[in-house]
Amino acid sequence: MTYHIRPAAPHTHYFTVALNTPGDDLLVLEIERLRQAVRLTRAEHSFQIAAWVVMPDHLHTIWTLPDGDNDAGGRWRLIKARFSASLPFDARSSRINRTAQGVWQRGLWQHRIADAADMALHMRSCQMDPVRHGLVDVPEAWPYSSFRAAAALQRVG
């Protein structure tokens, strides 16, 4: 089920999407399949990514959709379906149904970003999630986050 929190800027959204099996590590084990699903979907239905963090069993991201386009749900259906269908038939995936319904928790959590302060709050939430879960001591150490690349660019620039 999708939950909308409050009225907001029309095109920027924060999402949380989770696997059906809490505690699973499928998203980080199959990170390239997830990245490919996102790339293909963005090529067909554009959106800008402001932040992204992939955790073992869920992910958080902030997207900006093109003006007049509110179909974030359609994009997520494509990403979920592409990722699920790309999973190999091995011992691990034979335990799960390789459809989007088998791999992913139904729906997603969606929040429209209201203003600059709300954006900063949700950017920080993405950045700190690996630390909150005890996976790393500092956000930049998590390899599946847009903040790692951003931190590297800041060091160079």
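In this predicted model, helix 3 makes a handy first check on the geometry. Its 15 residues, at 1.5 Å a residue, should span 21 Å, and the end C-alpha atoms are indeed 21 Å apart, so expectation and model agree. Helix 3 covers residues 72-86, and its buried residues are A72, G74, R75, W76, I79, K80, F83 and S84. An α-helix has 3.6 residues a turn, so residues three or four places apart point the same way. That is worth keeping in mind when looking at W76, I79, K80 and F83, which are among the buried residues of helix 3.

Helix 3 also has a link to helix 2, by way of A37. The place of A37 is in helix 2, and with a relative accessibility of 2% A37 falls under the 20% cut-off, so it counts as buried. Setting aside neighbours within four places in sequence, A37 touches I79, R82 and F83. A37 and K80 sit 43 residues apart in sequence, yet their C-alpha atoms are 7.7 Å apart in space.

Stepping back to the whole chain, the secondary structure adds up to 6 helices and 4 strands. Read from the N terminus, the elements go β-α-α-β-β-α-α-β-α-α. Of the 157 residues, 43% count as buried. The accessible surface comes to about 8400 Å², and carbon and sulfur atoms account for 56% of that. Links between far-off parts of the chain are plentiful too: among contacts between residues at least 6 apart in sequence, 69% join residues at least 24 apart.

The 4 strands come together in an open sheet, in the order 2-3-1-4, with antiparallel pairing. Strand 2 and strand 4 (109-112) stand at the edges with a single partner strand each, so one side of each has no neighbour in the sheet. From one strand to the next, the twist averages 15°. Helix 2 packs on this sheet, where it touches strand 2 and strand 3, and its direction makes about 165° with that of strand 2. Helix 5 (residues 116-132) lies across strand 1, strand 2, strand 3 and strand 4, and runs at about 150° to strand 3.

Now for the pairings themselves. Strand 2 and strand 3 run antiparallel and are joined by 6 bridges, and a hairpin connects the two through 3 residues. Within this pair, W52 stands opposite T61 in strand 3. Strand 3 also pairs with strand 1, again in the antiparallel sense, over 7 bridges; here the bridge partner of T12 is T64. On the other side of the sheet order, strand 1 and strand 4 pair antiparallel over 4 bridges. In that pairing, F15 has Q110 as its bridge partner, while Y14 stands opposite H111.

How many residues of strand 1 are buried? The count is 7 of the 7, so strand 1 is largely enclosed by the rest of the structure. Both of its faces are covered: T12, Y14, T16 and A18 are buried on one side, and H13, F15 and V17 on the other.

Just past strand 4, the loop leading to helix 5 holds I113. At 3% relative accessibility, I113 is under the 20% cut-off and therefore counts as buried. Its C-alpha atom is separated by 9.6 Å from that of T64, which is 49 residues away along the chain.

That leaves the nonpolar core. In soluble globular proteins, nonpolar side chains tend to be buried together. Here, the largest nonpolar core has 34 residues, and those with the most contacts inside it are L34, L59, W63, W76, F83 and W104. Elements giving two or more residues to this core are strand 1 (12-18), helix 1 (26-29), helix 2 (31-44), strand 2 (48-54), strand 3 (58-64) and helix 3. L59 shows how these pieces meet: leaving aside neighbours within four places in sequence, L59 is in contact with F15, T16, V17, L27, L34, W52, V53, V54, W76 and W104. Among these contacts, L34, W76 and W104 also appear with L59 in the group with the most contacts inside the core.

How values were computed:
Residues numbered from 1 in each chain as written. Predicted model: local features only at pLDDT ≥ 70, side-chain atom pairs only at ≥ 80, totals over all residues. Heavy atoms only, no water. Core = buried A, V, L, I, M, F, W, Y, C linked by side-chain atoms within 4.5 Å. Buried < 20%, exposed > 50% of the residue type's maximum accessible area, 1.4 Å probe, protein only. Contact = heavy atoms within 4.5 Å. Areas by Shrake-Rupley, 256 points an atom, 1.4 Å probe, with all protein chains shown as cover. Pairing = 2+ DSSP bridges. Axes fitted to C-alpha atoms, helices over the stretch in contact; angles between N-to-C directions. Expected span 1.5 Å × (residues − 1).
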